[in-house]
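The following exercises concern a predicted model. Each task is followed by a solution worked in steps.

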There are 2 protein chains.
Amino acid sequence: MAINDLSKDLAPISSSTMADVVEVRLREYLKKKSFRPGDALPKELELAEALDVSRNVLREALSRLRMLGMVETKKKRGMILARPDILGTFERVLDPLIIDKETLQDIFELRLVLEMGLADLLYIRKTDKDIAELESIAKKEINHDNSFRIKNEIAFHGKLYEMSGNNTLKRFQIMLLPIFDYVVTLEKKPTRGKVNHMDLVQILKTGSKDDFKKGMEAHLQPHFDRLK
Amino acid sequence: MAINDLSKDLAPISSSTMADVVEVRLREYLKKKSFRPGDALPKELELAEALDVSRNVLREALSRLRMLGMVETKKKRGMILARPDILGTFERVLDPLIIDKETLQDIFELRLVLEMGLADLLYIRKTDKDIAELESIAKKEINHDNSFRIKNEIAFHGKLYEMSGNNTLKRFQIMLLPIFDYVVTLEKKPTRGKVNHMDLVQILKTGSKDDFKKGMEAHLQPHFDRLK
DNA sequence: ACTTTTGATATGTACTACATAAGTACTATA
DNA sequence: TATAGTACTTATGTAGTACATATCAAAAGT
């Protein structure tokens, strides 16, 4: 970790290419001029000239901003500022095979934290219709083989996030899921909490928020037991 | 006219540029060949030729992967696969001024969820030393003006995340903080829960995990009250 | 007044050329 | 023989030119 910090502090000296600089400068420029989404930006040639770089370099920087969704370009109309999809960029680097072991573990824990903290939103926003849907999901997992149960596990918890009424949160957890599964399958022991999905549904129907928190804790207990 | 409208509806098919395609192809390629971080990649010219695009286009795509930290390049050595910093990319688009209102609200809630779910990790990993540090932070906020209290608020909750022993989580919340503050300051009413920081420290010292969860809930209650 | 055509223009793509840094091989000297 | 130094090679970084393509705008024709 100390090494990590060090490399972060010292790296930029050699690693700053023109495209890197231009990317930063452009970002500063967009912020400073406080463009609003939809506003038109100067032409490539004007920007390149103003920054005193080739159009090539400028386009490499623009390509990054385009990927992030910060700008959009059309053939004649030019460039306009756009709203980046904050999770879309995240998704691109979320590959279990690339992420280092510590971070994988961190993400595994992160999802546990989310799951545990979900109760408050749930009890503010849950509806009878939601609970009915959740119940039908939970019912399906009875009398099915293991591979089905995994899919259903995803559906169940996904529905929980959906019930939170927070779309960003839901998308976030969907992205985290492969990582979570990856870590879970690394440890081969099949985990089964004392509280199952149907129990949780029952609590949601008639129980208090505290009941649900305790239920979820019991449901996830096998995962927590592995932490140290 | 109907045909015209139709073509408008169907247009987006061709809206991907070469750089977009190459970016995807490269990512697939890296995945398929299951390169490990540190492995050397083919030269730009070879890649460009294989993909049948100009070096320009290839470099625009590479520029994106470089930004994400997926590849690193050195002058003669060529390119190597690297570990992307999954949060670094996130940070780039996390600007309250760009994000739309709904997402801002989502992120606000996301942080509340994290905060509420933190207890389990905390009670697995907290140490006396941590608690002592947390207490000293909490003590400082007595007899100070409001601007100081905000800074201290950040320090206190930051320390909580640190105590979770999850570095990714801590960095994540640091990035979320400006958004959180932004939303909080939008609603001008100064919020103050029934449980303050010193109370939370006391609970951490002598109370149970459940006590802490209830304490945190009371601490954040003013925020939850605003949700609907 | 409406449609068609034409022209202007900004981005997308390709190609060339050279600078620069970094590895490699070869040579000279102790 | 070992070492240091030098020249060469090579891959990326940057600049510049040229042309394709799509789209907006205005002129032209009905």
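**Exercise 1.** Determine which elements cover the buried residues of helix H7 (101-117) of chain A, and state how the burial is distributed along H7(A).

*Solution.* Step 1: the criterion for a buried residue is 20 or more other C-beta atoms within 10 Å of its own. Step 2: by this criterion, twelve of the 17 residues of H7(A) are buried, and the helix is mostly covered. Step 3: the buried residues are A:Asp106, A:Ile107, A:Phe108, A:Glu109, A:Leu110, A:Arg111, A:Leu112, A:Val113, A:Leu114, A:Glu115, A:Met116 and A:Gly117. Step 4: the covering elements include helix H11 (167-186) and helix H13 (209-226) of chain A, and also helix H6 (101-117), helix H7 (119-125) and helix H10 (167-186) of chain B.

**Exercise 2.** Compare the span of H7(A) with its expected value.

*Solution.* From first C-alpha to last, H7(A) reaches 24 Å, close to the 24 Å expected at 1.5 Å a residue.

**Exercise 3.** Characterise the surface near DNA strand D.

*Solution.* Step 1: DNA strand D is surrounded by 20 residues, the closest being A:Met18, A:Ser54, A:Lys76, B:Lys43 and B:Glu44. Step 2: two or more residues each come from helix H3 (18-32) and helix H5 (55-68) of chain A, and from helix H3 (44-51) and strand E2 (78-81) of chain B. Step 3: H5(A) supplies the largest share, three residues. Step 4: by class, nine residues are charged, six nonpolar and five polar.

**Exercise 4.** Describe how strand E1 (residues 71-74) of chain B pairs with E2(B).

*Solution.* Step 1: the two strands run antiparallel and are joined by four bridges. Step 2: one bridge pairs B:Glu72 with B:Ile80 of E2(B). Step 3: a hairpin of three residues connects E1(B) to E2(B).

How values were computed
Residues numbered from 1 in each chain as written. Chains lettered and ligands numbered in written order. Predicted model: local features only at pLDDT ≥ 70, side-chain atom pairs only at ≥ 80, totals over all residues. Near = placed C-beta within 6 Å. Nonpolar A, V, L, I, M, F, W, Y, C, P; charged D, E, K, R; others polar. Pairing = 2+ DSSP bridges. Expected span 1.5 Å × (residues − 1). Contact = placed C-beta atoms within 7 Å.
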